[in-house]
Amino acid sequence: MISERTSKIKPSLTLEITAKAKKMKASGISVIGFGAGEPDFNTPDYIIDAAKKALDIGFTKYTPASGMAELKNAVCAKLLRDNGLTYAPEQIVISSGAKSSLYHAICAMVNDGDEVILPSPYWLTYPELVGLAGGKTVYVKTRAENGYKITAEELESAITDKTKCFILNSPNNPTGAVYTESEIRSLAKVVEKHGIYVVSDEIYEKLVYGDAKHFSIACCGEFLKEHTVVVNGMSKSYSMTGWRIGYIAAPLDIAKAVSSMQSHTTSNACSISQYASVEALNSEKSEKFISEMQKTFAVRRELIVNLLKEIKGVKVIEPKGAFYVFADVSETFGKSFEGETVDGSVSFAGLALKKGVAVIPGAAFGDDDCIRLSYAISEEDIKEGVKRIKDFISELK
Ligand SMILES: Cc1ncc(COP(=O)(O)O)c(C=O)c1O
């Protein structure tokens, strides 16, 4: 009864752990959850006030399907200010979250059987969206020694005459990898040589640490700009995950296709959230909010990385962006806990939960050697949670 396309969607590996952790918590058991995919900050008051104003003035009706003009203008101003990119408002489409932007953009580009190159580990939603669009995901395994970043040679060797596009996610979920400008320029050369397209998911752009800098591949000349769909949104930078506002900046034909597709799927993103997003993007207060959030994450990043490094059996590569650590726990495989063998990231996560700590198995992101830990939680919880992981590993036989 269920269509072939939809029946291929994989059940979320993360859901099982999260559901179990919730159940344990509800029954009074203490569980430290490292699963959070969203900043643990409130949306700033001035953005909330703007949403209240939208309601008060009756800004509660349909907007144009591709988004209200003021928000598209604010996105254009942001892209120029932060990224040095010039777009016309017609090239911007506002969607109900970046996930929706990605889905529509991939549908607008991919024909049945087209190949989409995806560096692995990857954010688990991409292959599902490619599959729903009728495309085929071509995974390119990146190496921990290379900071989980695809090289220009690796990209080139994955390109065939069926390749339509390449998904670049920097800063990366789940690895925290951030590509340098020169790495991006090398990838751009390959893209240009083969005439493929790029979907550049830049949703974590504001969360980079140390000497890492965000650089958009769309900045690598006119060809790249004409072959890149920049995806971004309000969720992570402004702690607005529930508001559901994402956007693309794209070549005009792609923006138009996305806009007409969206006019039939979701219509406009929530008018109130759009109104508040104008304030978020334009307000002078945002710089301070983002900088404080970034600083908090920077401290937690250092804390969690240092604590994890102390655990025998755990290997970590310092993440440069986003708010995740991708830790290799494969040294523990083959050992057992309470009679059950740890045979991969899923059983590691399942058994660690018995010690009151919830982590996301790397298998969900295409790397069964690792687990993903989010540090969008308090320092206190980080300390206690990592201690529980340490205890769990030390009890393995
Ligand atoms: C890499 C990446 N892209 C996009 C998104 C989607 O963000 P949104 O909340 O705007 O749909 C997420 C959310 O977790 C993400 O991790």
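These legends go with four close-up views of the structure above. The model is a predicted one, so local features need pLDDT of at least 70 and side-chain atom pairs count only at pLDDT 80 or more, while totals for chains, interfaces and linings use all residues. Residues are numbered from 1 along each chain as its sequence is written, and side-chain values use heavy atoms, with hydrogens and water left out.

**View 1. The ligand and its shell.** There are 13 residues around the ligand, and A98, D201, S235, K236 and R244 come nearest (a residue is near if one of its heavy atoms lies within 4 Å of the molecule). Look for the ligand's oxygen atoms: a backbone N or O atom of A98 lies 2.7 Å from one, a polar side-chain atom of S235 lies 2.7 Å from one, and a polar side-chain atom of R244 also lies 2.7 Å from one. On its own the ligand has 400 Å² of accessible area, and the protein covers 93% of that (Shrake-Rupley method, 1.4 Å probe). Sorted by class, the shell has five nonpolar, four polar and four charged residues; here Asp, Glu, Lys and Arg count as charged, Ala, Val, Leu, Ile, Met, Phe, Trp, Tyr, Cys and Pro as nonpolar, and the others, Gly among them, as polar.

**View 2. Helix α14 and its two faces.** Helix α14 runs over residues 379-394 (helices are DSSP runs of H or I with at least four residues, strands are E runs of at least two, and both are numbered from the N terminus). Its 16 residues reach 22 Å from first C-alpha to last, close to the 22 Å expected at 1.5 Å a residue (that is, 1.5 Å times one less than the number of residues). I382, G385, V386, R388, I389, F392 and I393 are the buried residues of α14 (buried is under 20% relative accessible area, exposed over 50%, partly exposed in between, with a 1.4 Å probe and protein chains only). They sit on the same side of α14 because they cover an arc of only 155° around the axis, taken from the directions from the helix axis to the C-beta atoms. Exposed E380 and S394 are on the face turned away from that buried side.

**View 3. Two cis peptide bonds in one loop.** Most peptide bonds are trans. S170 and P171, though, are joined by a cis one, with omega about -10°, and P171 is in the loop between β5 (163-169) and α8 (181-194). Another cis bond joins N173 and P174, with omega about 25°; P174 is also found between β5 and α8.

**View 4. Positive phi at Y148 and E338.** Y148 has phi near 60° and sits in the loop between β4 (136-141) and α7 (152-158). E338 has phi near 50° and is found in the loop between β11 (336-337) and β12 (340-341). Y148 counts as buried, at 9% relative accessibility, whereas E338 counts as exposed, at 61%.

How values were computed. Polar contact = N/O pair within 3.5 Å; in protein donor to acceptor, adjacent residues only side chain to side chain.
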